[in-house]
Amino acid sequence: MTKSPEEMRKKMLADLKEKIGRTQEECQELLKAQGLTKHGEMMKFLKGELGISHGYANQIALAAIGRTSGSSDDLVETQYSGPKAALRPIYEALIKLVRGFGGDIEISPKLAYVSLRRSKQFAIVQPSTATRLDVGIQLKGVAPTARLEPSGSFNAMVSHRVRITSAKDIDAELKKWLKQAYDAA
């Protein structure tokens with residue numbers, strides 16, 4: 001049975017002692033003793049000094065800075081609030097399109113974007129400005145075009161980016177790229 005991202009996070013934190021030999025509380029105390037307050041610093045310490053895998057280190061660091069409260073719906077709501085509220089219908093149209101590819105898609109909201117996964121992440125949707133969504137797509141080996149840009153510094157987890165400013169930008173070309181990434185995941 002598929003678990004929600006929140007259920008998976010809670011399970012990871014509950015399994016810490018078994019997996020890494022320390023409880024979440026012990027890890028929090030170590031971070032506090034080091035005086036670490038930024039996510040990146042915590043990740044570096046947990047992975048480098050303690051040898052904790054990326055996934056567990058990320059959950060520990062997020063918990064340490066208090067970013068684990070709220071549901072997936074809350075994360076999406078926050079992303080599309082205030083000046084970015086007008087982008088929500090475009091986001092919903094993209095999600096509807098992607099769900100049409102198959103029933104095995106996991107929609108996994110993060111703090112700043114939504115990850116689209118199958119067996120692995122194949123795309124992300126991010127409200128980058130008040131007037132633009134960026135769709136990051138994992139298309140290794142596909143040459144960029146004027147519209148299908150290299151991801152550059154946008155997000156290292158994807159190879160390309162497509163800028164979306166209106167629902168009309170969700171066209172057959174974008175669908176083709178997303179479906180190709182989905183099929184490869």
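Let me start with Ile137. In this predicted model, Ile137 touches Phe122, Ala123, Leu148, Val158, Ser159, His160, Val162, Leu174, Trp177, Leu178 and Ala181, leaving out residues up to four places away in sequence. Ile137 is also one of the residues with the most contacts inside the largest nonpolar core. The others listed with it are Tyr91, Leu116, Phe122, Leu133, Leu174 and Leu178. So three names come up twice: Phe122, Leu174 and Leu178 touch Ile137, and they are on the list for the core as well.

That core has 31 residues. Which elements supply at least two residues each? They are helix 7, strand 2, strand 3, strand 4, strand 6 and helix 8. Helix 7 gives the largest share, with 6 residues.

Apart from this core there is another one, of 14 residues. Its members include Leu31, Leu46, Ile52 and Ala61.

Two of those, Leu31 and Leu46, bring me to the helix pair. Helix 3 covers residues 24-34 and helix 4 covers residues 39-49. Their axes come within 11 Å and cross at roughly 115°, and the crossing is right-handed. Which residues make the contact? From helix 3 they are Leu30, Leu31 and Gln34, and from helix 4 they are Met42, Phe45 and Leu46. By class that is 5 nonpolar residues, 1 polar and no charged ones.

Just along from there is Leu50, in the loop between helix 4 and helix 5, the latter being residues 54-64. Is Leu50 buried or partly exposed? Its relative accessibility is 24%, so Leu50 counts as partly exposed. Beyond its neighbours within four places in sequence, Leu50 is in contact with Arg22, Leu30 and Phe45. Leu30 and Phe45 also take part in the contact between helix 3 and helix 4. As for distance, Leu50 and Cys27 are 23 residues apart in sequence, and their C-alpha atoms are 9.6 Å apart in space.

Now the charged side chains. Side chains of opposite charge can pair when their charged atoms come close. In this model the count comes to 12 salt bridges. I will go through three pairs and one network.

The pair to begin with is Glu77 and Arg88, with N to O at 3.2 Å. Glu77 lies in helix 6, residues 72-79, and Arg88 in helix 7, residues 88-99, so this salt bridge ties together parts that are 11 residues apart in sequence. Glu77 is partly exposed, at 45% relative accessible area. Arg88 is partly exposed too, at 23%.

Next, Arg118 and Asp104. Their closest N and O atoms are 2.5 Å apart. Arg118 sits in the loop between strand 2 (114-117) and strand 3 (121-129), while Asp104 sits in the loop between helix 7 and strand 1 (106-109). The two residues are 14 apart, and the pair links distant parts of the chain. Arg118 is partly exposed, with a relative accessible area of 28%, and Asp104 is partly exposed with 37%.

Then Asp171 and Arg147, where the closest N and O atoms are 2.9 Å apart. Asp171 is in the loop between strand 6 (160-164) and helix 8 (172-184). Arg147 is in the loop between strand 4 (132-137) and strand 5 (149-150), 24 residues away. Asp171 has 29% relative accessibility and counts as partly exposed.

Last of these is the network. Which residues does it link? Salt bridges join Arg132, Asp134, Glu149, Arg161 and Arg163.

Glu149 deserves a few words of its own. Glu149 is in strand 5. Its relative accessible area is 18%, and the cut-off for buried is under 20%, so Glu149 is buried. Setting aside neighbours within four places in sequence, Glu149 is in contact with Pro144, Ser159, His160, Arg161 and Arg163. Arg161 and Arg163 are members of the network too, and Ser159 and His160 also touch Ile137. In the other direction, Glu149 and Ile105 are 44 residues apart along the chain, and their C-alpha atoms are separated by 24 Å.

One more residue, Asn155. Asn155 is found in the loop between strand 5 and strand 6. Is Asn155 buried or exposed? With a relative accessible area of 10%, Asn155 is buried. Not counting residues up to four places away in sequence, Asn155 touches Tyr113 and Ile124.

Key:
Residues numbered from 1 in each chain as written. Predicted model: local features only at pLDDT ≥ 70, side-chain atom pairs only at ≥ 80, totals over all residues. Heavy atoms only, no water. Axes fitted to C-alpha atoms, helices over the stretch in contact; angles between N-to-C directions. Helix = DSSP H or I, 4+ residues; strand = E, 2+ residues; numbered from the N terminus. Left-handed = near helix turned anticlockwise from the far one by under 90°. Contact = heavy atoms within 4.5 Å. Nonpolar A, V, L, I, M, F, W, Y, C, P; charged D, E, K, R; others polar. Salt bridge = Lys/Arg side-chain N within 4 Å of Asp/Glu carboxyl O. Buried < 20%, exposed > 50% of the residue type's maximum accessible area, 1.4 Å probe, protein only. Core = buried A, V, L, I, M, F, W, Y, C linked by side-chain atoms within 4.5 Å.
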